[in-house]
Amino acid sequence: MLRASEALPIARRAAKHAAEVYKAVIKGPQAPAPAAWGVELGEFQKALPWLQWRELVAFATHFGRHGNVREDIAVELARELGKRLAPPDTSALSHATLALRSPQEVS
């Protein structure tokens, strides 16, 4: 298991990496080159969980204004937004609630 003293440097490196990816996307080449041109897909994917909402919204706004976007990057952004907007998985909760009910209530 990771100790707190080990986790902090890892989190700092990840946050720094995410900031670098953010800058590369936002300050990337101008049109007609697609937005996020030059950003590696794997690096973008690694950065996504570390980005804040405002940064994800900035990506979406930037992509919309740019008009031409790398499709693979746009798909990953949409997937991350979908994960964050999705309601929590309630299947485990509903099973637990059902288990607490009496047999008469269930039938």
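Q: In which handedness of crossing does H1 pass H3?
A: In this predicted model, helix H1 passes helix H3 in a left-handed crossing.

Q: And at what angle do the axes of H1 and H3 cross, and within what distance do they come?
A: The axes of H1, which covers residues 4-26, and H3 cross at roughly 20° and come within 10 Å. An angle under 35 degrees counts as roughly parallel, and H1 and H3 are therefore described as roughly parallel to each other.

Q: Which residues make that contact?
A: On the H1 side the contact is made by Tyr-22, Val-25 and Ile-26, while H3 contributes Glu-55, Ala-58, Phe-59, His-62 and Phe-63. Sorted by class, the residues of the contact of H1 with H3 comprise six that are nonpolar, one that is polar and one that is charged.

Q: Let's stay with His-62 for a moment: buried or exposed?
A: His-62, which lies in helix H3, has a relative accessible area of 19%, and because the cut-off for buried is under 20%, His-62 counts as buried.

Q: What is His-62 in contact with, leaving aside neighbours within four places in sequence?
A: With those neighbours set aside, His-62 is in contact with Val-25, Ile-26 and Ala-35. For Val-25 there is also a polar atom pair to describe, since a polar atom of the His-62 side chain lies 3.3 Å from the backbone oxygen of Val-25.

Q: Switching to the other side of things, how do H3 and H4 pack?
A: Helix H3, residues 53-66, and helix H4, residues 71-85, pack at an angle of about 140°, and their axes are 11 Å apart. With that angle, H3 and H4 are therefore oblique to each other, and H3 passes H4 in a left-handed crossing.

Q: Which residues of H3 and H4 meet there?
A: From H3 there are Trp-53, Leu-56, Phe-59, Ala-60 and Phe-63, and they meet Ile-73, Ala-74, Leu-77, Glu-80, Leu-81, Arg-84 and Leu-85 of H4. By class, the contact of H3 with H4 holds 10 nonpolar residues and two charged ones, with no polar residues.

Q: Glu-80 is in that set, so is it buried or exposed?
A: Glu-80, a residue of helix H4, is buried, with a relative accessible area of 7%. Setting aside its neighbours within four places in sequence, Glu-80 is in contact with Leu-48, Pro-49 and Leu-56, and Leu-56 is also one of the H3 residues listed in the contact of H3 with H4.

Q: What about Ala-74, how does its accessibility count?
A: Ala-74 also lies in helix H4, and at 30% relative accessibility Ala-74 counts as partly exposed. Not counting residues up to four places away in sequence, Ala-74 touches Phe-63 and Val-69.

Q: How many residues apart in sequence are Ala-74 and Ala-60, and how far apart in space?
A: Ala-74 and Ala-60 are separated by 14 residues in sequence and by 8.3 Å in space, taken from C-alpha to C-alpha.

Q: Stepping back, how many helices and strands does the protein have?
A: The protein has six helices and zero strands, and from the N terminus on its elements run α-α-α-α-α-α.

Q: What percentage of the residues counts as buried, and what share of the contacts comes from residues 24 or more positions apart?
A: Of the 107 residues of the protein, 24% count as buried. Among the contacts with a separation of 6 or more, 76% are accounted for by residues that are 24 or more positions apart.

Conventions
Residues numbered from 1 in each chain as written. Predicted model: local features only at pLDDT ≥ 70, side-chain atom pairs only at ≥ 80, totals over all residues. Heavy atoms only, no water. Axes fitted to C-alpha atoms, helices over the stretch in contact; angles between N-to-C directions. Helix = DSSP H or I, 4+ residues; strand = E, 2+ residues; numbered from the N terminus. Parallel < 35°, antiparallel > 145°, perpendicular 65-115°, else oblique. Left-handed = near helix turned anticlockwise from the far one by under 90°. Contact = heavy atoms within 4.5 Å. Nonpolar A, V, L, I, M, F, W, Y, C, P; charged D, E, K, R; others polar. Buried < 20%, exposed > 50% of the residue type's maximum accessible area, 1.4 Å probe, protein only. Polar contact = N/O pair within 3.5 Å; in protein donor to acceptor, adjacent residues only side chain to side chain.
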